[in-house]
Amino acid sequence: MDLDLDDRAAGFRDEVRAWLAENVPKTPLASFDTATGFEEHRAWEAKLADARLSVVSWPEEFGGQDRTLLEWVLFEEEYYAARAPGRVSQNGIFMLAPTLFSHGTDEQRHRILPAMARGQEIWAQAWSEPEAGSDIAALRSTARRTEGGWLLTGQKTWSSRASFADRAFGLFRSDPEARRHHGLTYVMVDLRAEGVTVRPIPQLDGEPGFAELFFDDVFVPDRDVIGEPGEGWRVAMTTANNERGLSLRSPGRFLAAADALVREWRDAGRPAGTAERVADAWIGARAYQLYTFGTVSRLEAGGKLGPESSVNKLFWSRLDVDLHETALDLLGPEAEVGPEWTDGWLFSLAGPIYGGTDQIQRSTVAERVLGLPR
Amino acid sequence: MKFLLSEEQERFAASLDDLLTSREVDSATRAWARGEHDEGRKLWRELAEIGVTALGVPERYDGLGASDLDLVVAFDRLGYHAVPGPWTDTVAVLPALLDDELLAGVAAGETLASVAFPPHVPYALDADVADTRVAVDGTGLHVFHPATRLSSVDGARRLFRVEPGERIGEADPARAFELGALATAAYLLSAGRWLLDASVEHAKQRHQYGKPIGSFQAVKHLLADVVTELELARPLVHAAALTLTARDVSAAKVAAGRAAHLAARTGLQVHGAIGYTGEHPLGLRLTKVRALLGAWGTPAFHRARVLEAT
């Protein structure tokens, strides 16, 4: 067991650090949940792609550098430590791309991934429906067979990035007779296609980070179905734990924030009664970093990710909220006028809700990690 | 980077498990609490035979000169089985304090040591059974004499007030202290894991309202929180063994203590009244965890060190 980087990984980390120091915008970009900010972030994605840093773990033919999982984690650490812009492409890069790597056709990969890597096509996710939430098996929006493809009808909601995104991916019910988890099909859809209505929904910060999507007989060609029709649930599930996906939520974000919190605590004159929370936030971020190194080592030694990614999510979602709450308490009345820690706080509040609420994760951990009866 | 235990370390842990599972460790612990040390010393010798006591001892005194991570692997298993005795003092701390032939006795499993390390370890553990008694005072080492016995919240920890005796030498106690805190963290972490495993087992067996209580969401969610804390504390303990920096050791001690404490409190809640009885093994760990939280540096002390170093 060791924590030492080999020369290749250390060299890559240094290159990334140097490039970011040179290129990260000195003034933060506008929020990517505004029209202007979205385009600024799109340009930033292109700049990252020019440096071949937008998708470092992907194969070179799609714009990546074929970097190892560990090198990807190191990249993320540097990225957050440098306070580089949030990734407007993250839905595509971390959720759709792993699905395409596992289940897509060669044609799909070559058509979609390079444009995604450059930010030319930015993806929204279209999982949630008003009735479904974490219960994906309760989805109702339908895909109906037609000549050369499918017709989508129904409604998706709380769709992140959809207000300004180019395309979306999600599950639609293609066989109304099949039992709950069956009869779902995984499709990619153009948000500018005829029959699509996008209604932006403001989030807690007032910006339209969400949208409702209405589909009225929207045509999707066969080439935009991933995997077999009716197999959408399985396709979605086999990549839900993908190592390049959300399950390995970058530890860099939390460590960078925890280091900043400790500085904030010092600057505030180490207020009485706060040391415990500040120390625990830093310890939690360090624990998450090391846990990730352990997971990466296990995967690189040929292991597989299992339901323990729920342990992961449960841990960081609470850590992120606690860390930001602590920062706001340290700032006292100044916290109200933000903006940086308040923005981070608002963002952290989504953690225990999306991608399966903390309650769903706890049940998953209890049943699948601890083996408790359903 | 390979942040995984080696196969050799996994095998060593498994051999400790095999031995300790086949022995009546809880019975030895109850006897130890009464001041009857025979069973515990027998266990000590058996563990010595598979190398535990030789780990931290240099090869020139017939030790293994093993890594700090190997020590952690051993304390992890000692904690899981809640083995009684001054293991931290003898196996982790003493070899870092002394360069002396008496370490050969430690390696052989014949010498038990008790180390007082005020202010973090003000009372001497098991000084009545220890063959070697050392107090660390500033930069010096003293022999000490055991005075009044104090009763610990954990009956199996027999604590004594310390009367300083003859000065026996200089010491740079920094590394010894880190090892004491690290060994305690590893022990705590796995005492917590035992509490979780026992609670999960109980929740599967125990029926109420016609169902195993483990099927109730309230119980599931309590236990899910425990496994989350324990899983995330473990890599801190391993990393601390690799770096032995004050910051990593302190982070490990805080997180392991927090996770073990949550496991103990939750374990009692899940077990209900049976866990509150003196007959049930849960109590042996519950009180041990409480005692170890404050030993080798309190959580407040270790949190302050983390902030100091960050």
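**Strand pairing and chain contact in a predicted two-chain model**

In chain B, V134(B) has V143(B) of strand β4(B) as its bridge partner. The model in which this pair occurs is a predicted one. A second pair of the kind is formed by A135(B), whose bridge partner in β4(B) is H142(B). The two strands concerned are β3 (residues 132-137) and β4 (residues 140-151) of chain B, which run antiparallel and are joined by 4 bridges. Together β3(B) and β4(B) make a hairpin with 2 residues between them. One residue in this turn, G138(B), has a positive phi of about 60 degrees.

Strand β4(B) also pairs with strand β5 (residues 158-170) of chain B, in the antiparallel sense and over 9 bridges. Within this pairing, L141(B) stands opposite G169(B) in β5(B). The connection from β4(B) to β5(B) is again a hairpin, here passing through 6 residues.

These strands belong to an open sheet of 5 strands in chain B, where the order is β1-β3-β4-β5-β2 and the pairing is mixed. Strands β1 (113-116) and β2 (124-125) of chain B occupy the edges; each has a single partner strand, so one side of each is left without a neighbour in the sheet. Helix α5 (residues 87-97) of chain B lies across four strands, namely β1, β2, β3 and β4 of that chain. With respect to β1(B), helix α5(B) runs at about 65 degrees.

A side-chain interaction was also identified elsewhere in chain B. Residue D17(B) is part of helix α1, which spans residues 7-21 of chain B. Its side chain makes a polar contact with the side chain of R77(B), at 3.1 Å. When residues up to four places away in sequence are not counted, D17(B) touches R77(B) and H81(B).

Antiparallel pairing is found in chain A as well. Strand β7 (residues 210-221) of chain A pairs with strand β3 (residues 149-156) of chain A over 8 bridges, in the antiparallel sense. In this arrangement, L151(A) stands opposite F219(A) in β7(A). Strand β6 (residues 196-201) of chain A likewise pairs with β7(A) in the antiparallel sense, over 6 bridges. Here T197(A) is the residue that stands opposite F214(A) in β7(A).

Several backbone features were examined next. Most residues other than glycine have a negative phi, and most peptide bonds are trans. In D62(B), a residue other than glycine, phi is positive, with a value near 65 degrees. This residue lies in the loop between α3 (38-49) and α4 (68-80) of chain B. A cis peptide bond runs from P118(B) to P119(B), with omega near 5 degrees. The loop that holds P119(B) is the one between β1 and β2 of chain B. In chain A, G338(A) and P339(A) are joined by a cis peptide bond, for which omega is about 0 degrees. P339(A) is likewise a loop residue, placed between α9 (308-331) and α10 (340-350) of chain A.

The contact between the chains was then considered. The size of an interface is often given as the accessible area lost when the parts come together. Between them, chain B and chain A bury about 3,900 Å², with 70% of this area on carbon and sulfur atoms. On the side of chain B, the residues that lose the most area to chain A are M1(B), L232(B) and L307(B), which together account for 22% of what that side buries. In terms of residues, 39 from chain B and 43 from chain A take part in the contact.

Charged and polar groups also meet across the two chains. The count of salt bridges between chain B and chain A is 8. In one salt bridge, the side chain of R303(B) meets that of D280(A) at 2.7 Å, N to O. Polar contact between chain B and chain A involves 15 residue pairs, both members being at pLDDT 80 or more. On the side of chain B that touches chain A, at least two residues each are supplied by α7 (174-205), α8 (217-243), α9 (246-271) and α11 (299-308) of chain B. Helix α8(B) gives the most to this side, with 15 residues. By residue class, the side of chain B that touches chain A comprises 22 nonpolar, 7 polar and 10 charged residues.

How values were computed. Residues numbered from 1 in each chain as written. Chains lettered and ligands numbered in written order. Heavy atoms only, no water. Pairing = 2+ DSSP bridges. Contact = heavy atoms within 4.5 Å. Axes fitted to C-alpha atoms, helices over the stretch in contact; angles between N-to-C directions. Buried area = accessible area lost by both parts, 1.4 Å probe. Salt bridge = Lys/Arg side-chain N within 4 Å of Asp/Glu carboxyl O. Polar contact = N/O pair within 3.5 Å; in protein donor to acceptor, adjacent residues only side chain to side chain. Nonpolar A, V, L, I, M, F, W, Y, C, P; charged D, E, K, R; others polar.
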